[in-house]
Amino acid sequence: MESSGCLNERAQFDLLERVKELSCLYGIARIAAETNLSIDMVLDGIVEVLPAAWLDPGLACARIVLDGRSYLTSNYTRRVKHRQRAPIVIDGRKRGYVEVAYPEEKPGRDEGPFLKEERALIDTVAREVAVIIMRREAEQDKVKLEEQLRHADRLATIGQLAAGVAHELNEPLGHILGFAQLVQKCPDLPVQAKADVDRILSTSLYAREIVKKLLMFSRQISPQKTKVNLNHLVRNGLNLLEFRCASDGITVHCFLPSDLPEIDADPSQLTQVFVNLIVNAIQAMPAGGTLTIRTLKGRGKVFLTIGDTGVGMDEEALQKIFTPFFTTKDVGLGTGLGLPVAHGIIAAHGGSIKVESKVGKGTTCRIQLPTKRNRPL
Ligand code: ADP
Ligand code: MG
């Protein structure tokens, strides 16, 4: 009689533990189903439902660590007597762990003070958390990609518009230039008239430069590719600006490894990109600073980064930098075409350009170019 009572008690105990486990997993599933919660909120929620599934819910505390960030139950204390951990593995990489702990001494069981089933449960929870994080991150990547596509789409539309305008302007500009040159050749031109014609000429040459830049932005001028070494181009670009850096109190650090593979590219277009980026960096450091230029070999590609310790940009400005004519500079100092042109040229080379910036800290431009011959995008 007594032994069957004992068995009954054991069965009841097991059943209760199973119910607690299932409630915990159900709680996690419910939290995961809430699509409008951020990853932080999800982990804060999950950590709270864990202790209830353990043998002594009143005493158990829990924490989840992901990428160095901790999510704790309110009773979590660092000095615990017993802990149980399961790693959170995402895409084969350990990104953190789930931990349940008892701050006080507990009677020994299967594995310290923990039940065998609790070992299985914490492993399941860690796997669930990994799946949830993976899904959320995939979701976030999708949103980011869509935003990038929209941005690329917008730029392409602006590019088409710019190319149309540029072509329309090219012809009348050619006429203005041609006729002004004819007038300039007239003998006995009054001094004032000659000065005026000179101004017409220089202004229309400037306008033609802008038209050319617009065509470059919209990739209407295809690159004349040859084999080039990025390091040489960077050095050439720097040569043009070294004096200006020195006189502005800017220290230049260059890291140009000698094993950089050659790429198929248009040297004059790429030089134009570097000069644009370096001039931007110089202009962002009116009180001096450090300009760091780095090239690096990757698999099938080369990288170039240009970093400055200048004024930086806020999120709003960053969103607009590749839009033609966006400038924060005074007339004469900027046209707002440097970065759009750089974008057009790099895209025509099958590469990419990204800009990161922090107000007051500085800006870094990252360029990626393929080493293999690529058809222009
Ligand atoms: P421009 O230099 O003629 O203004 P760009 O297309 O080169 O045109 O740059 C657009 C704008 O982006 C600049 O006016 C400036 O506000 C911002 N910008 C570009 N590069 C940097 C940088 N290195 N640091 C801070 N702001 C920058
Ligand atoms: Mg510029």
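Me: How many bridges join strand 1 and strand 2, and in which sense do they pair?
Reply: This is a predicted model, so everything here is read from computed coordinates. Strand 1 covers residues 61-66, and one of its residues, Arg-63, has Leu-72 in strand 2 as its bridge partner. The two strands run in the antiparallel sense, and the number of bridges is 4.

Me: Which strands stand at the edges of the sheet that has the order 2-1-4-3?
Reply: That sheet is open, with 4 strands and antiparallel pairing. From one strand to the next, the twist averages 20°. An edge strand here has a single partner, so one of its sides is left without a neighbour in the sheet; that is the case for strand 2 (69-72) and strand 3 (82-90).

Me: Which helix lies across strand 1, strand 3 and strand 4?
Reply: Look for the helix spanning residues 116-185. Its direction is at about 35° to strand 3. That's helix 3.

Me: What is the strand order in the open sheet with mixed pairing?
Reply: This one has 5 strands, and neighbours are turned by 10° against each other on average, direction ignored. Strand 6 (250-255) and strand 10 (352-358) each have a single partner, so they stand at the edges. With those two at the ends, the order reads 6-8-9-11-10.

Me: Which residue of strand 11 stands opposite Val-355?
Reply: Strand 10 pairs with strand 11 (residues 362-370) in the antiparallel sense, over 7 bridges. Opposite Val-355, in strand 11, you'll find Cys-365.

Me: At about what angle does helix 5 run to strand 8?
Reply: Helix 5 takes in residues 230-247 and lies across strand 6, strand 8 (289-297), strand 9 (301-308) and strand 11. Against strand 8, the angle is about 175°.

Me: How far is an oxygen atom of ligand 1 from an N or O atom in the side chain of Thr-327?
Reply: Thr-327 is among the residues that come nearest to ligand 1, along with Asn-280, Thr-328, Lys-329 and Leu-339. For Asn-280, a polar side-chain atom lies 2.8 Å from an oxygen atom of the ligand, while Gly-338 has a polar backbone atom 3.3 Å from one. For the side chain of Thr-327, the distance is 2.5 Å.

Me: Which helix gives the most residues to the shell around ligand 1?
Reply: The protein covers 93% of the 530 Å² of accessible area that ligand 1 has on its own. Two elements give two or more residues to the shell: helix 6 (267-283) and helix 8 (338-348). The top contribution is 3 residues, and it comes from helix 8.

Methods. Residues are numbered from 1 along each chain as its sequence is written. Chains are lettered from A and ligands numbered from 1 in the order in which they are written. This is a predicted model: local features need pLDDT of at least 70, side-chain atom pairs count only at pLDDT 80 or more; totals for chains, interfaces and linings use all residues. Side-chain values use heavy atoms; hydrogens and water are left out. A residue is near a molecule or strand if one of its heavy atoms lies within 4 Å of it. A polar contact is a pair of N or O atoms within 3.5 Å; within protein, one must be able to donate a hydrogen and the other to accept it, and residues adjacent in sequence count only if both atoms are side-chain atoms. Accessible areas come from the Shrake-Rupley method with a 1.4 Å probe; for residues, only the protein chains shown count as cover. Two strands pair if DSSP finds at least two bridges between them. Axes are lines fitted to C-alpha atoms, for helices over the stretch in contact, and angles run from 0 to 180 degrees between N-to-C directions. Contact means heavy atoms within 4.5 Å.
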